[in-house]
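The exercises below are meant to be worked through with the sequence and the coordinates open side by side. Try each task before reading the solution that follows.

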Amino acid sequence: MTISPDPAAGQAVKAADRAHVFHSWSAQSLIDPLAVAGAEGSYFWDYEGKRYLDFSSQLVNTNIGHQHPKVVAAIQEQAAKLCTFAPAFAIESRSEAARLIAERTPGDLDKIFFTNGGAEANENAIRMARLHTGRQKVLSTYRSYHGATANAIALTGDPRRWPNETGVSGIVHFWGPYPYRSNFHAENEAQECERALAHLEQVIAFEGPQTVAAIILETVVGTAGILIPPAGYLAGVREICDRYGIVFILDEVMAGFGRTGEWFAADHWGVTPDLLTFAKGVNSGYVPLGGVAISGEIAETFATRPFPGGLTYSGHPLACASAVATLNAMAEEGIVENAKHIGETVIGPELRAMAERHPSIGEVRGLGVFWAVELVKNRETREPLTPYNAAGADNAPMAELAAECKKRGLWPFTNMNRFHVVPPCNVSETEAKEGLAILDEVLTLTDAHTV
Ligand SMILES: Cc1ncc(COP(=O)(O)O)c(C=O)c1O
């Protein structure tokens, strides 16, 4: 890793950014983006030469870390061969990416519709579900994020939906399981599972089962809390969908491709949806790519009837070549197994030990390299460290935690009252321990806010 500081270049990058780049999710004049000079593996660095351990995997997408040499080489080779070609043609990198993805997806999800990212994948999955069933409504959970395009943001449960709502989406929200903060007054996981399924049944009954096209769930809820479904929940939703002829969609945009220590999170519970959406980890985001893996039955709906959807860059050759190289590298280097191993032997045990020391930790939960540390003001009452959707002074304890991590060279992922431990799937034990040691130190700041 060669880091050559060049503060003047960094200032120029920053100045042009501030003058011309309009950033996502932000009040433009209130942000201060870090100018990044380079990255390798689990680290990136700025123009001052300061290095950060990337415990966020950016937006939880660089599952193989930064600048993986095999993937960089595959992009270069594909660029020299064929940069771009329309979706209507059969292209080597596209065929091979689809084959490798279908080989890994559960059950008979053997046809792949490619998109440029996760939101478009969900848009097209619900389009398929509506056309397949001839019904309009889609059910999703309040604790969810599904993307920022029109339907995907309407599916989303978190507050990013509020300013985007049109009121005519045909989307209905319900409560998924969350044992630590049960909406069902459940005292254990079995009760939470049973009551969450009964609640979903009731929502369907009152919406009219014949009006419901699809239920979409994140297999493991990501940004909204890394919520692992209790045993039996996904199988229960599968059974409800089968009973009412509802399409079951699993959103594996964040949880898929190794993040949970399996190729897909659904593999932990042996459940096969009708449609599975993916993006991020499929090629670690080296070139934008997402897609929908489609069951035999739904694919059959569009065997002789045209599918009314498409994108200029669907199955872009550069993106597909990077997916082929990524999936092969993940298999050759045991990257999914590494994620599982790091979760079981380093992150899980260390976070549980930290929970003993830090009164601000309410709960730690996770799988693979997908962990949440839920912070509270008081362990008995479980009052969150910061209120739901806190901003400004109300969010100060979380802002302080994130700032201190950065100061110490750890790039964090925080959401509401949670710190997510989401390093690359090929993070080493030493790197994972380095990041967790910093987290351990800075949690004394949040401990100071407990009552
Ligand atoms: C579960 C889930 N679905 C969908 C999306 C949207 O993906 P994209 O930003 O690629 O559109 C995200 C992004 O974070 C996600 O986490």
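**Exercise 1. Give the strand order of the seven-stranded sheet and find its edges.**

Solution. The model is a predicted one, and the seven strands form an open sheet with mixed pairing, in the order β4-β10-β9-β8-β7-β5-β6. At the edges stand β4 (111-115) and β6 (171-174), and because each has a single partner strand, one side of each is left without a neighbour in the sheet. Turning to the geometry, neighbouring strands of this sheet are rotated against each other by 20 degrees on average, when direction is ignored. As an example of one pairing, strand β5 (residues 137-141) runs parallel to strand β7 (residues 212-218), and four bridges join the two. Within this pair, Val138 is placed opposite Ala214 of β7.

**Exercise 2. Repeat the analysis for the open sheet of four strands.**

Solution. The order here is β1-β2-β3-β14, and the pairing is again described as mixed. The edge positions are taken by β1 (36-40) and β14 (410-411), each of which pairs on one side only. Between them in the order, strand β2 (residues 43-46) and strand β3 (residues 51-54) are paired in the antiparallel sense over three bridges, and Tyr43 stands opposite Leu53 in β3.

**Exercise 3. Describe the shell around the ligand: which residues surround the ligand, and which polar atoms approach it?**

Solution. Begin with the membership: the ligand is surrounded by Gly117, Gly118, Ala119, Asn122, Tyr145, His146, Gly147, Glu218, Asp251, Val253, Met254 and Lys280. By character, these shell residues divide into four nonpolar, five polar and three charged. By origin, helix α5 (residues 118-133) supplies the largest share of the shell, three residues.

Next, consider the individual atom pairs. A backbone N or O atom of Gly118 lies 2.8 Å from an oxygen atom of the ligand, and a backbone N or O atom of Ala119 lies 2.7 Å from a ligand oxygen atom. For Asp251, by contrast, a polar side-chain atom lies 2.7 Å from a nitrogen atom of the ligand. Finally, consider the cover: the ligand taken alone exposes 400 Å², of which the protein buries 80%.

**Exercise 4. Locate Arg382 and Asn389, which have a positive phi although neither is a glycine, and classify their accessibility.**

Solution. As background, most residues other than glycine have a negative phi. Arg382 has a phi of about 65 degrees and lies in the loop between β12 (370-378) and β13 (383-384). For Asn389, phi is about 60 degrees, and this residue lies in the loop between β13 and α12 (396-407).

For the accessibility step, the partly exposed class covers values between the buried cut-off of under 20% and the exposed cut-off of over 50%. Arg382, at 35% relative accessibility, therefore counts as partly exposed, and Asn389, with a relative accessible area of 36%, is likewise partly exposed.

**Exercise 5. Is His420 buried or exposed, and which side chain does the side chain of His420 contact?**

Solution. First place the residue: His420 lies in strand β16 (residues 418-421). Its relative accessibility is 2%, so His420 counts as buried. Then examine the side chain, where a polar contact of 2.9 Å joins His420 to the side chain of Arg418.

How values were computed
Residues numbered from 1 in each chain as written. Predicted model: local features only at pLDDT ≥ 70, side-chain atom pairs only at ≥ 80, totals over all residues. Heavy atoms only, no water. Near = heavy atom within 4 Å. Polar contact = N/O pair within 3.5 Å; in protein donor to acceptor, adjacent residues only side chain to side chain. Areas by Shrake-Rupley, 256 points an atom, 1.4 Å probe, with all protein chains shown as cover. Nonpolar A, V, L, I, M, F, W, Y, C, P; charged D, E, K, R; others polar. Buried < 20%, exposed > 50% of the residue type's maximum accessible area, 1.4 Å probe, protein only. Pairing = 2+ DSSP bridges. Axes fitted to C-alpha atoms, helices over the stretch in contact; angles between N-to-C directions.
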